[in-house]
Amino acid sequence: CDAKKAAATPACAAKKAAATCASKKAGACCGGKGPACAAKKTAACAATQAATDTGAKSAELSTESVKTLLDAKTPLVLLDARSGKYYDGTRIPGAKQVNAASAETDIAAAIGSKEQLVVTYCSHTKCPASGKLAARLKGLGYTNVLEYPEGIAGWTEAGNAVEKDVN
């Protein structure tokens, strides 16, 4: 993707930012300290950089990026935006169920700081719930919101484990 396309599409910008992160020191990439962006830092760096570069409402993460963040124990809040008949009782490990219609107090209780890294997801790429939740969070002043559009379907298709509600 070229610079013009990167400015227009968050997915392209994320790829471009990932390449930038891989080739620069962490300090130059994300304002942190340390050696070149390690795999566990690249995903968050690239997504955050892409959002900054494009002015997008929220940058998008791939399944691999989400897995990398979780495996690295990156401090984040993972939010399952599915509700009603779309919520099947399974979720990505550690995720909290919050959707765009949730009360502001419930959202604040689930996330905490407005600067906290937040990743939203729903069922699959055609599900609008994660985008709606990401937009709501931005509107409430949360500043570090990323979207995982592949959702629970992408997560399980990649062979990753899920948690199930205990009844």
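**Buried charges and salt bridges**

Me: In this predicted model, which strand does Glu 147 lie in?
Reply: Happy to start there. The strand spans residues 145-148, and Glu 147 falls within it. That makes the element strand β6.

Me: Is Glu 147 buried or exposed, and which side chain does its own side chain contact?
Reply: Buried means under 20% relative accessible area. Glu 147 has 12% relative accessibility, so it counts as buried. Its side chain makes a polar contact at 2.7 Å, and the partner is the side chain of Ser 130.

Me: How many disulfides does a search of the whole structure find?
Reply: Let's look at two cysteines before the count. Cys 122 is buried at 0% relative accessibility, and Cys 127 is buried at 15%. The number of disulfides found in the whole structure is zero.

Me: Which residue forms a salt bridge with Asp 88, and is that partner buried or exposed?
Reply: Asp 88 itself is exposed, with a relative accessible area of 53%. The closest N and O atoms of the bridge are 3.1 Å apart, and the partner is Arg 82. At 2% relative accessibility, Arg 82 counts as buried.

Me: How far apart in sequence are the parts that the pair Glu 163 and Arg 91 ties together?
Reply: Glu 163 forms a salt bridge with Arg 91, with the closest N and O atoms 3.4 Å apart. Glu 163 lies in strand β7 and Arg 91 in strand β3, so the parts tied together are separated in sequence by 72 residues.

Me: How close are the closest N and O atoms of Asp 165 and Arg 91?
Reply: Asp 165 is partly exposed at 32%, while Arg 91 is buried at 18%. The two form a salt bridge, and their closest N and O atoms are apart by 2.3 Å.

How values were computed:
Residues numbered from 1 in each chain as written. Predicted model: local features only at pLDDT ≥ 70, side-chain atom pairs only at ≥ 80, totals over all residues. Heavy atoms only, no water. Helix = DSSP H or I, 4+ residues; strand = E, 2+ residues; numbered from the N terminus. Buried < 20%, exposed > 50% of the residue type's maximum accessible area, 1.4 Å probe, protein only. Polar contact = N/O pair within 3.5 Å; in protein donor to acceptor, adjacent residues only side chain to side chain. Disulfide = S-S within 2.5 Å. Salt bridge = Lys/Arg side-chain N within 4 Å of Asp/Glu carboxyl O.
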